[in-house]
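Trainee: Please give me a close look at a single part of this structure, and then relate that part to its surroundings. I am new to this model and would be grateful for a connected account.

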Amino acid sequence: MNLLNIKYEKYKLPNGLEVILHQNKNLPLVAVNIWYKVGSAYEKRGKTGIAHLFEHMMFQGSENAAKEMHFRFIQEAGGTLNGSTTFDRTNYYEKLPANFLELALWLESDRMGFLLPALTLEKLDNQKGVVANERLERYENQPYGLAWEKLLGCLFPENHPYSWPTIGYLDDIKSYTLEDVTGFFKNYYSPSNACLVVAGDFESVQCKDLIEKYFGGIPSNGYSSKNSFEIPSLDKTIQVKYEDNVQLERIYIAWHSDKAYTNDDAGLDIISDILCGSKNSRLYKKLVYEKEIAQDVSAMQISGELSGIFMIIATAKPGKDIDELKKEIFYELQNLQENGVTARELVRCKNGIKSSFIYSLQQIDNLADHLNAYNFYFSEPNSFIKDLERYEGVNNDSVKSISKRYFTKPNVQLTVVPQGKGSL
Amino acid sequence: MSIDRSKIPHPFQEIKFTLPEIKNFILSNGLKVLFVQREFLPIIRMNLITGCGSIFDPIIKNGLANLFSMMIDEGAGDYNALELSEEFDILGSSFNASCNHDNIFLLVRTLSENFERSFELFCSIILKPHFNDQDFQRERRKVEVKLLQQKDEPEELAYIAFNHIVHGKNNPYAFPVLGYEESIQKLSIDEIIKFYNKNFSPDNSYLIVVGNISEADLTASLENYLSNWRIKSDLIKPKFEFAKNRKSISILNKEGAVQTEIRVGHRSSSRNTPDYFSKTMMNSILGGQFTSRINLNLREAKGFTYGATSNFSYYINSGEFCVSTSVSTENTLEAVTEILNELENIKTGVTPDELDFARSSMVRKFPSQFESDDQIASNLSLLAIQNLPYDYYDKYLDNIKSVSIEEVNQAAVKNIKLDEMSIVLVGDKNKLLNSFASSRFGDVQIINEKGEIVQ
């Protein structure tokens with residue numbers, strides 16, 4: 001499909017910074033998006049959450065932009081900005097009116113090269129407080145909010161960096177010193193470990209000159225991340241139960257699965273859609289619609305650089321037995337292994353994916369982040385078509401064989417129960 | 001190359017931005033249509049907005065409009081509920097229905113190549129919904145359980161309680177869209193059918209269409225599929241009684257909660273207020289952005305919270321002013337104190353720099369608000385919902401630019417009402433009672449999950 005064929009230019013500065021430019025003059029907007037190849041998967045047990053805490057520190061000002069000025073400059077220019085941290089990478093992005101491109105490049109380069117002179121203990125303590133509250137708000141004070149980190153802890157061995165959540169543990173977050181944060185920056189925030197995407201309405205020559213002007217002089221330590229771990233396996237199924245302030249029981253069933261954009265990754269995405277992606281999907285229809293034993297059911301393939309996680313989550317209706325939900329879920333998984341899927345189910349699912357690819361092209365900041373993601377995983381930014389072809393290639397036979405290989409393996413079954421109902 | 005990094009780069013020459021052209025027409029049955037043609041991508045989205053949200057729920061039957069919105073796609077025309085959903089899915093199109101206090105929303109998203117078929121399905125939902133009792137019973141059970149789950153969600157509880165307290169129990173905006181456990185038990189499929197026959201009417205609706213379709217093709221489809229949607233009887237407008245809010249602290253107990261959800265505010269004017277732009281600029285300085293006073297204080301100076309915002313929100317017949325944040329239990333009193341200090345401070349005036357910043361930010365952000373079809377559709381929806389003139393966006397920048405510092409200061413004096421501040425805290429009651437018992441912020445009262453005073 002022609003419109004998914006994204007034209008771009010890619011090159012590397014002598015200091016190792018990768019640059020990807022994509023021109024699109026539909027609207028007078030420009031998106032700047034940087035991926036640093038570091039996330040929580042580069043942490044050690046006992047020192048968790050520093051990648052994410054560091055993301056916060058990147059908004060605390062740099063040598064030439066005082067605290068809060070990063071936000072102020074971009075917002076004054078009518079732009080939007082943020083950052084995010086995952087297992088594998090940290091990204092920073094802004095979208096502005098096209099005439100403010102230079103401002104964004106100045107700010108991004110200042111914190112890439114000149115963050116440390118502006119780093120203070122006061123700023124660190126302040127952001128430790130903010131992140132501690134983020135953890136309280138988004139995890140501890142949310143119903144089922146701690147399920148994800150408990151699940152990771154069961155699924156991955158203790159030394160595997162996917163065994164803790166990206167936000168980190170509270171005690172670790174509180175423990176960080178200026179030396180920790182400085183060391184983290186020196187190790188990982190080198191231009192040689194980053195990729196800059198500029199997408200939108202700009203002139204190519206001018207943009208390249210500005211990138212050279214602002215990023216060219218940033219010294220490099222030559223580091224480029226390479227993280228490698230085997231996908232772990234379980235000897236036997238693990239069943240865990242914990243109590244939370246919730247009204248309804250919920251079960252999480254999880255398997256290790258393939259890494260992002262490899263082998264069975266797309267097939268598992270399709271399977272998750274066939275199981276739970278619509279009213280007619282197999283588990284939704286049976287558990288929520290027909291039998292009404294579940295309030296909700298969802299399935300997802302979450303994949304990163306080191307492993308994937310295939311997960312099914314179901315919440316029991318009041319008075320319904322979680323074991324009954326589990327029995328139905330495994331019955332449908334068995335059914336997939338033996339009988340596969342119908343042609344119509346595959347068409348439904350693939351058409352949905354194709355549409356979502358096209359909708360995703362609407363916003364230039366979203367497109368910029370996609371280019372960075374494809375470059376990260378495929379070393380090829382223009383991979384929308386290749387990505388879509390992964391899904392087109394899934395058929396009845398592959399669904400059956402994937403189901404057989406995964407759903408017969410040991411897994412983690414985590415049940416969250418209302419307070420006072422926890423005895424196993 | 002050596003450069004002087006301390007120099008803040010100047011913008012290049014001013015950008016050229018042209019607003020998309022908004023077309024409007026009215027069908028013979030009174031349906032108003034707002035349309036923007038966009039040719040970047042082969043996609044189309046439609047919003048049908050019908051002015052019969054939950055404020056039209058009869059008083060002991062809260063939750064009726066919402067259940068109506070959940071029922072409208074449970075089978076229509078030739079298809080039962082599952083078949084209908086399948087028909088959309090096979091096209092890669094999506095359909096979604098929802099409800100708020102003022103309106104019912106039916107949304108469709110489709111590739112241009114599937115427009116005709118998607119529109120046909122969409123219209124069968126509007127014109128020929130099935131409304132079977134069996135589907136009704138199941139959807140109602142879904143709401144029952146949703147209401148149960150809400151008891152675990154602190155933000156949701158805080159929102160419902162705040163809304164109830166500032167609007168007062170004789171006002172239809174005081175009741176949650178989902179209704180209550182006991183009120184949804186009073187509903188039946190007959191009520192849903194009655195609601196459809198009475199309230200769901202073209203002369204009470206707007207259709208918003210944005211995307212890659214010509215005006216001729218669109219009007220042909222509208223003519224073909226929607227011209228026999230008949231006008232229903234007149235809606236009976238709900239009555240609104242507005243009492244002045246009083247200073248109070250309302251605590252909703254969440255035993256052992258590690259955080260407190262905080263809401264501070266009062267009822268405020270509806271959207272047609274003449275000082276809308278001054279209010280908006282004032283709020284941008286106070287709490288509308290990351291760099292606003294409240295967030296800088298509570299997050300960046302104190303480290304109390306992940307984020308804090310203030311907001312004027314607008315219903316058709318009312319409005320609210322609300323500061324919201326969540327902080328750990330032990331910092332709750334100090335956080336509330338800081339919020340009230342900021343509210344007092346803004347009434348003493350803003351600085352010219354603050355106003356320049358707010359103005360610059362809002363003016364320059366304007367083009368990026370017309371990037372996706374979804375954004376344009378929601379901009380058009382605002383015109384429809386709030387009955388704004390169709391040239392609203394043409395005049396928007398002039399309206400922002402012309403707000404003076406005196407007007408912003410007046411907006412603060414007039415719209416931030418310290419003697420009406422209703423404080424809602426969802427958190428650990430005993431600890432909160434201890435710290436707030438002797439505060440100067442008003443009487444402390446204990447409330448239930450509906451926002452009713454129990455003690």
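Mentor: Let us begin in helix α4 of chain B, where Asp135(B) and Arg138(B) are 3 residues apart and so are separated by about one helical turn. The model is a predicted one, in which local features need pLDDT of at least 70, side-chain atom pairs count only at pLDDT 80 or more, and totals for chains, interfaces and linings use all residues. Residues are numbered from 1 along each chain as its sequence is written, chains are lettered from A and ligands numbered from 1 in the order in which they are written, and side-chain values use heavy atoms, with hydrogens and water left out. Helices (H or I, at least four residues) and strands (E, at least two) are DSSP runs, numbered from the N terminus.

Asp135(B) and Arg138(B) form a salt bridge whose closest N and O atoms are 3.0 Å apart; the term requires a side-chain nitrogen of Lys or Arg within 4 Å of a carboxyl oxygen of Asp or Glu. Both Asp135(B) and Arg138(B) are buried, that is, under 20% relative accessible area, where exposed is over 50% and partly exposed lies in between (1.4 Å probe, protein chains only). Through shared partners, salt bridges link Asp135(B) and Arg138(B) with Lys279(A), Asp73(B), Glu74(B), Glu139(B) and Lys142(B) in one network.

The network also reaches from one chain to the other. Asp73(B) forms a salt bridge with Lys279(A), with 3.7 Å between the closest N and O atoms. That pair runs from the loop between α1 (64-71) and α2 (81-91) of chain B to the loop between α9 (265-276) and α10 of chain A. Asp73(B) is buried because its relative accessible area is 16%, and Lys279(A), at 16% relative accessibility, likewise counts as buried. Lys279(A) forms a salt bridge with Glu74(B) as well, and here the closest N and O atoms are 2.8 Å apart. This pair too crosses between chains, with Glu74(B) in the loop between α1 and α2 of chain B. Glu74(B) is buried, as is Lys279(A).

These pairs belong to a wider interface. There, 78 residues of chain B are in contact with 79 residues of chain A, contact meaning heavy atoms within 4.5 Å. The two chains bury about 7,200 Å² between them, 57% of it on carbon and sulfur atoms; such buried area is the accessible area (1.4 Å probe) that two parts lose on being put together, summed over both. On the side of chain B, Arg5(B), Phe12(B) and Tyr306(B) lose the most area to chain A, together 12% of what that side buries. Between the chains, 9 salt bridges are counted, whereas the whole structure holds 53 over all chains. One salt bridge joins Lys67(A) to Glu300(B), with the closest N and O atoms 3.3 Å apart.

On the chain A side, the loop of Lys279(A) leads to helix α10. α10(A) is mostly covered, with 7 of its 9 residues buried, among them Arg282(A), Leu283(A) and Tyr284(A). Beyond the helix, Glu292(A) lies in the loop between α10 (282-290) and β9 (294-303) of chain A. Its phi is positive, about 50°, although Glu292(A) is not a glycine. Glu292(A) is buried, with a relative accessible area of 12%.

Arg282(A) in turn is one of the residues touched by Leu336(A), together with others including Ile271(A), Leu275(A) and Phe407(A). Leu336(A) lies in helix α11 (residues 322-339) of chain A, and at 0% relative accessibility Leu336(A) counts as buried.

On the chain B side, Phe131(B) is found in the loop between α3 (115-127) and α4 (133-150) of chain B. Phe131(B) has a positive phi near 55° while being a residue other than glycine, and its relative accessible area of 7% makes it buried.

Lastly, chain B is divided into domain 1 (23-226) and domain 2 (248-447), with bounds that come from an automatic or database domain assignment. Their contact takes 33 residues from domain 1 of chain B and 34 residues from domain 2 of chain B. These domains bury about 2,800 Å² between them, 66% of it on carbon and sulfur atoms. The count between them is 3 salt bridges.

Technical notes. Lists of a residue's contacts leave out its neighbours within four places in sequence.
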